[in-house]
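Here are my notes for someone opening this model for the first time. Have a look at the picture, then read the points in order.

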Amino acid sequence: MRETLQRILLPMVTLLIALAIWQGSVSLAKIPPYLLPSPAAVGSAFWNKGSALWFGSLLTGAGALAGFAAAVALGTLVALVFSQSRLIRLSGYPYAIFFQTVPIVAIAPWIVTLTGYGLPSVIVVATIISLFPIITSTTTGLLSVDRGLDELFRLHRASRWQTLWKLQFPAAIRYLVTGMKASSGLAVVGAIVGEFFVGYSGTQHGLGYYIRSSSDNLKTDELFAAMICCTLLGVIVFVSINLAERFFLRRWTQA
């Protein structure tokens, strides 16, 4: 109980101290609001733009979660294929690196041509950015099975499918969860980047739009408010994966 209180109270006290230092520094140094807004100004921006930021967070969160889910499904499928043959890995892995290195701004016009402006394009960008950690982690897990168990399966003439489903995949779940943790933040970043370049039109505006418009108009307090919403989105996705690991995947993820 005492340790739990410490885990909650100490970060809160640290946050309050940091906010006090921030507010005091801005007030004493008379820093212009467009360079660094005070915590009170950021709080005011939250109050004035609360509904818009809430809707933008939901829109960006929907794009990030859909892209993340697509990356998990596609990355796991690619890893399963890679695990079946060294030749397939050597042939396909260089192209998997493409998803890690491709500049989104360079392929944004093609994505817009393919899926148009709006949520589908944001999902595609989030998927591309968050895909690579899933592929690498899951492939590593599938190839890291215990050699003794692998020989036991061979001794009993297990089929390739039986070995994959009953030995390799359970052993890879721990690695898959690690990849999901790395990709969760990337999916949120991907959704925001997607909204920068291929985002919404009309009345639908995600957090990427608010970050871009507030930056262009030097509304730094609204920019900070949108950045905090983005950070909270990433934290929520990351914590959700940790909870799923703790309550549903403990059997496979315990070392």
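**Notes on the fold**

1. Reading from the N terminus, the chain's elements go α-α-α-α-α-α-α-α-α-α-α. That gives 11 helices and 0 strands, where helices are DSSP runs of H or I with at least four residues, strands are E runs of at least two, and numbering starts at the N terminus.

2. A word on the source: this is a predicted model, in which local features need pLDDT of at least 70, side-chain atom pairs count only at pLDDT 80 or more, and totals for chains, interfaces and linings use all residues. Residues are numbered from 1 along each chain as its sequence is written, and side-chain values use heavy atoms, with hydrogens and water left out.

3. Now the overall dimensions. The C-alpha trace spans about 75 × 55 × 30 Å along its principal axes. As one example of separation, the C-alpha atoms of Met12 and Ser121 are 38 Å apart, with their positions 109 residues apart along the chain. Ser121 belongs to helix H6 (residues 119-142) and is buried, with a relative accessible area of 0%.

4. How many of the residues count as buried? Of 255 residues, 37% do; buried means under 20% relative accessible area, exposed means over 50%, and partly exposed lies in between (1.4 Å probe, protein chains only). The accessible surface of the chain is about 15300 Å², and 68% of that belongs to carbon and sulfur atoms; these areas come from the Shrake-Rupley method with a 1.4 Å probe, and for residues only the protein chains shown count as cover.

5. Contacts are next. Among those with a separation of 6 or more, 75% are between residues 24 or more positions apart; contact means heavy atoms within 4.5 Å.

6. Take a look at helix H2 (residues 39-48), where Pro39, Val42 and Ala45 are buried. Viewed down the axis of H2, its buried residues fall within an arc of 115°, so they line one face of the helix; the arc is that of the directions from the helix axis to the C-beta atoms. The buried residues of H2 pack against helix H1 (2-29), H3 and H10. Turned away from that buried side is the face with exposed Ala40, Trp47 and Asn48.

7. Helix H5 (residues 104-115) has Ile104, Ile107, Ala108, Ile111 and Val112 as its buried residues. They fall within an arc of 160° seen down the axis of H5, so they line one face of the helix. The other side of H5 has Ala106, Pro109, Trp110 and Thr113 exposed. Just after H5 comes Gly116, with a positive phi of about 80°.

8. Don't skip Ser83, in the loop between helix H3 (50-82) and helix H4 (86-101). Ser83 counts as buried because its relative accessibility is 9%. A polar atom of the Ser83 side chain lies 2.7 Å from the backbone oxygen of Leu80. Leaving out residues up to four places away in sequence, Ser83 touches Arg89, Leu142, Leu143, Leu164 and Gln168.

9. Finally, the outside. Is Phe247 buried or exposed? Phe247, in helix H10 (residues 220-247), counts as exposed because its relative accessibility is 58%. Phe247 joins Val235, Phe238, Val239, Leu243 and Phe248 in making a nonpolar surface patch of about 610 Å².

Methods
A polar contact is a pair of N or O atoms within 3.5 Å; within protein, one must be able to donate a hydrogen and the other to accept it, and residues adjacent in sequence count only if both atoms are side-chain atoms. Patches are made of residues with over 30% relative accessible area and no salt bridge: like charges are joined within 9 Å, nonpolar side chains (Val, Leu, Ile, Met, Phe, Trp, Tyr) within 5 Å. A salt bridge is a side-chain nitrogen of Lys or Arg within 4 Å of a carboxyl oxygen of Asp or Glu.
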